[in-house]
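This report describes a ligand site, the empty spaces in a protein and some points of backbone geometry. The sequence and structure are shown first.

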Amino acid sequence: MTKKTIRVGLIGHQFMGVAHSNAYRNAGIWYDLPANIEMVCLCAKDTEENLRKFADKFGWKEIETDWRKLVARDDIDLISVASPGFLHRDMAIAAAEHGKHVLCEKPLANDLASAEAMWEAAKKNNVISACGFSYRFTPATALAKRLVDEGRIGEIYHVHARYAQDWDEKGPMVWRFKKELAGSGALGDLGSHSIDLSRFITGGEIVSLVAQLKTFVKKRPVSNEPDAEMGDVTVDDVAQFICEFDNGATGNFEATRFAGGRKNHNCIEINGSKGSVYWDFEDQNYLLFCDKTESKETQGFVKINATDDGHPYGGGPWPQGHGIGYADTFVLEVANLVRAIAEGRPHVPSFEDGVKVQRVLDAIDRSFAERKWVNV
Ligand code: SOE
């Protein structure tokens with residue numbers, strides 16, 4: 001039987017545009033997918049020369065600068081939104097209204113109402129939606145989820161997540177420091193990943209919380225010029241909150257851009273009545289697992305290399321122990337999406353997951369504004 005072909009249009013050619021391009025290029029090479037991937041058109045705001053260079057490098061056939069034209073094309077089935085947050089809403093809704101499946105980067109939107117409108121548009125137009133919570137696609141986080149699902153962790157007591165990066169306090173202004181463009185700072189950029197991972201691994205939803213947001217560096221030079229004017233930073237550098245989950249677990253979350261030495265320290269620990277798991281992206285192929293049902297003398301964390309063929313997302317072209325890296329999580333994400341589209345079933349995480357995370361982000365803002373515990 002001839003395979004269906006999924007024709008893709010990508011919006012964005014910065015960091016996430018690179019991650020998506022690499023994923024579309026490699027997913028069908030690594031995995032025997034039920035559909036082919038055709039990289040039809042790259043769209044971004046740039047000169048024709050720069051766009052052509054990027055497109056040729058990754059294998060996009062055509063280039064476009066107007067995303068409205070891209071999403072209206074009838075030779076495209078899937079739109080990837082890898083643009084700054086303030087554009088997600090209009091792009092994703094327009095794509096869905098033109099009957100395209102949509103993969104949108106996280107956080108899904110800059111505010112809850114936009115995220116909800118995006119999820120409604122996907123449902124109404126019967127398209128498959130995907131929200132880019134890429135850390136779900138590591139073998140070790142998938143194994144953590146499996147251990148929870150199998151009851152090996154027991155009743156969950158604690159979820160402790162820290163996503164810490166090490167940004168330059170003197171660096172120039174970029175869109176990520178502007179609320180109107182990014183929605184929030186460390187909170188949405190990093191915290192959204194941790195919130196989603198906690199939901200993915202434990203299956204629980206955060207129901208109430210109390211939060212703190214803080215901006216340490218309030219002004220940044222608007223460009224790299226030595227005498228550049230200073231502009232206002234209007235987002236948080238750090239966000240932290242404690243919370244309660246619907247299954248009774250307690251949570252403790254921190255997202256920060258100012259943790260010297262922490263390059264991409266996205267970690268999560270879950271402690272339950274029967275065991276604990278700990279994962280850190282900086283050692284991403286491993287999961288620490290403590291089985292509390294073992295004898296006290298030998299009980300402790302075991303470091304599991306989660307790349308064995310039998311583990312979730314094991315297999316593929318790489319033998320056990322050969323590990324995956326940051327870019328590979330996007331390849332796994334795209335492979336999963338292509339399977340979902342080819343088989344006509346929902347992709348997880350969808351826009352609905354994006355909305356559920358956004359509800360927590362919204363509650364964090366409310367909690368800090370009112371300086372009190374709030375319900376999600
Ligand atoms: C920047 O902080 C960033 O690129 C995030 O936007 C990504 O989602 C995260 O995976 C890595 O860090």
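A polar contact is taken here as a pair of N or O atoms within 3.5 Å. The model discussed is a predicted one.

**Ligand site**

Under that cut-off, the side chain of Tyr135 has an N or O atom 2.7 Å from an oxygen atom of the ligand. Asp189 and Tyr326 also place polar side-chain atoms by ligand oxygen, as the table sets out.

| Residue | Distance from a polar side-chain atom to a ligand oxygen atom |
|---|---|
| Tyr135 | 2.7 Å |
| Asp189 | 2.4 Å |
| Tyr326 | 3.1 Å |

On its own the ligand has 300 Å² of accessible area, and the protein covers 92% of this.

Which residues surround the ligand? The shell consists of Phe15, Lys106, Tyr135, Tyr163, Gln165, Trp167, Arg176, Asp189, Leu190, His193 and Tyr326. By class, six of the shell residues are nonpolar, two are polar and three are charged. Helix H8, which spans residues 186-202, provides the largest share of this shell, with three residues.

**The largest pocket**

Where does the ligand lie with respect to the pockets? The space that the ligand takes is the largest pocket. The volume of this pocket is about 840 Å³. Its lining comprises 41 residues, and those closest to the pocket centre are Ala82, Ser83, Pro84, Trp175 and Arg176. Arg176 also belongs to the shell around the ligand.

Two or more lining residues come from each of helix H1 (15-30), helix H4 (88-97), H8 and helix H9 (326-343). Of the elements, H8 contributes the most to the lining of the largest pocket, namely four residues. Helix H8 thus appears both here and as the source of the largest share of the ligand shell. The lining is made up of 19 nonpolar, 16 polar and six charged residues.

**Cavities**

Rolling a probe the size of a water molecule over the atoms reveals where empty space remains. How many cavities of 30 Å³ or more does a search of the whole structure find? The search returns two.

The second largest cavity holds about 30 Å³ of space. Its lining is formed by Leu187, Gly191, Ser194, Ala239, Phe241, Phe253, Glu254 and Ala255. At least two of these lining residues are supplied by each of H8, strand S11 (238-245) and strand S12 (250-256). In terms of class, the lining has five nonpolar residues, two polar residues and one charged residue. H8 therefore has a part in the lining of this cavity and in that of the largest pocket.

**Backbone geometry**

Two cis peptide bonds may be noted, each ending at a proline. The bond from Lys106 to Pro107 is cis, with omega near -15 degrees. Pro107 is found in the loop between strand S5 (101-104) and helix H5 (112-124), and Lys106 is one of the residues around the ligand.

The bond that joins Val348 and Pro349 is also cis, with omega about 5 degrees. Pro349 is located in the loop that lies between H9 and helix H10 (351-370).

A further feature concerns Asn126, a residue other than glycine whose phi is positive, near 60 degrees. Asn126 is placed in the loop between H5 and strand S6 (129-131).

Definitions and conventions:
Residues are numbered from 1 along each chain as its sequence is written. This is a predicted model: local features need pLDDT of at least 70, side-chain atom pairs count only at pLDDT 80 or more; totals for chains, interfaces and linings use all residues. Side-chain values use heavy atoms; hydrogens and water are left out. A residue is near a molecule or strand if one of its heavy atoms lies within 4 Å of it. A polar contact is a pair of N or O atoms within 3.5 Å; within protein, one must be able to donate a hydrogen and the other to accept it, and residues adjacent in sequence count only if both atoms are side-chain atoms. Accessible areas come from the Shrake-Rupley method with a 1.4 Å probe; for residues, only the protein chains shown count as cover. On a 1 Å grid over the protein atoms alone, a cavity is a set of points where a 1.4 Å probe fits but cannot get out, and a pocket is an open set with protein on both sides within 12 Å along at least five of seven lines; lining residues have an atom within 4 Å of a point. A molecule sits in a cavity or pocket if more than half of its atoms lie within 2 Å of its grid points. Ala, Val, Leu, Ile, Met, Phe, Trp, Tyr, Cys and Pro count as nonpolar, Asp, Glu, Lys and Arg as charged, and the others, Gly among them, as polar. Grid points are joined across faces, edges and corners, and a volume is the space filled by probe spheres set on the points.
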